Amino acid sequence: MNGHGELWIRTSCENNHVLVEIADNGPGIPPEIQSHIFEPFFTTKGVGEGTGLGLHISYRVVVGQHQGDIQVISQPGDTRFQVRLPITS
Ligand SMILES: Nc1ncnc2c1ncn2[C@@H]1O[C@H](COP(=O)(O)OP(=O)(O)OP(=O)(O)O)[C@@H](O)[C@H]1O
Ligand SMILES: [Mg+2]
């Protein structure tokens, strides 16, 4: 987001899952890189600015440890990460 814009966190309940949506109105994720953003060390930030691990670690925690799911929907001005976590009781 380069220090500008708005970021929202919305939560809701869907059947047996909690949906946590993290959305921003930044520049968006170009379609050609969307399939790579969860790979370890994939970053478009400059040297020393990003490790490229943020989304990889998020994916491992949500999917690997909690059997949830992360999806991304992105176009310029509207990027949403949708995290679904199973409700177990
Ligand atoms: N909300 C977003 N808007 C636009 N691009 C994004 C967004 N989130 C992730 N990206 C893209 O996905 C890439 C990988 O994200 P990830 O969080 O894994 O690493 P990073 O942000 O580059 O580095 P780090 O999280 O280690 O600081 C980013 O470099 C960027 O290109
Ligand atoms: Mg990051």
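**Figure 1. The largest pocket of the predicted model encloses about 790 Å³ of space.** The structure shown is a predicted model. Rolling a probe the size of a water molecule over the atoms shows where empty space is left. The lining of the largest pocket comprises 27 residues. Those nearest the centre of this pocket are Met1, Ile29, Thr44, Lys45 and Leu55.

**Figure 2. Three elements, β2, α1 and β4, each give two or more residues to the lining of the largest pocket.** Strand β2 covers residues 17-24, helix α1 covers residues 54-65 and strand β4 covers residues 78-86. Of the lining of the largest pocket, α1 provides the largest share, with 3 residues.

**Figure 3. The lining of the largest pocket combines nonpolar, polar and charged residues.** By class, 12 of the lining residues are nonpolar, 11 are polar and 4 are charged.

**Figure 4. The chain contains 1 helix and 4 strands.** Read from the N terminus, the order of these elements is β-β-α-β-β. The C-alpha trace spans about 45 × 25 × 20 Å along its principal axes. Among contacts in the chain with a separation of 6 or more, 43% join residues that are 24 or more positions apart.

**Figure 5. The accessible surface of the chain amounts to about 6200 Å².** Carbon and sulfur atoms account for 55% of this surface. Of the 89 residues in the chain, 25% are buried, where buried denotes under 20% relative accessible area.

Definitions and conventions
Residues are numbered from 1 along each chain as its sequence is written. Chains are lettered from A and ligands numbered from 1 in the order in which they are written. This is a predicted model: local features need pLDDT of at least 70, side-chain atom pairs count only at pLDDT 80 or more; totals for chains, interfaces and linings use all residues. Side-chain values use heavy atoms; hydrogens and water are left out. On a 1 Å grid over the protein atoms alone, a cavity is a set of points where a 1.4 Å probe fits but cannot get out, and a pocket is an open set with protein on both sides within 12 Å along at least five of seven lines; lining residues have an atom within 4 Å of a point. Grid points are joined across faces, edges and corners, and a volume is the space filled by probe spheres set on the points. Ala, Val, Leu, Ile, Met, Phe, Trp, Tyr, Cys and Pro count as nonpolar, Asp, Glu, Lys and Arg as charged, and the others, Gly among them, as polar. Buried means under 20% relative accessible area, exposed over 50%, partly exposed in between (1.4 Å probe, protein chains only). Contact means heavy atoms within 4.5 Å. Accessible areas come from the Shrake-Rupley method with a 1.4 Å probe; for residues, only the protein chains shown count as cover.
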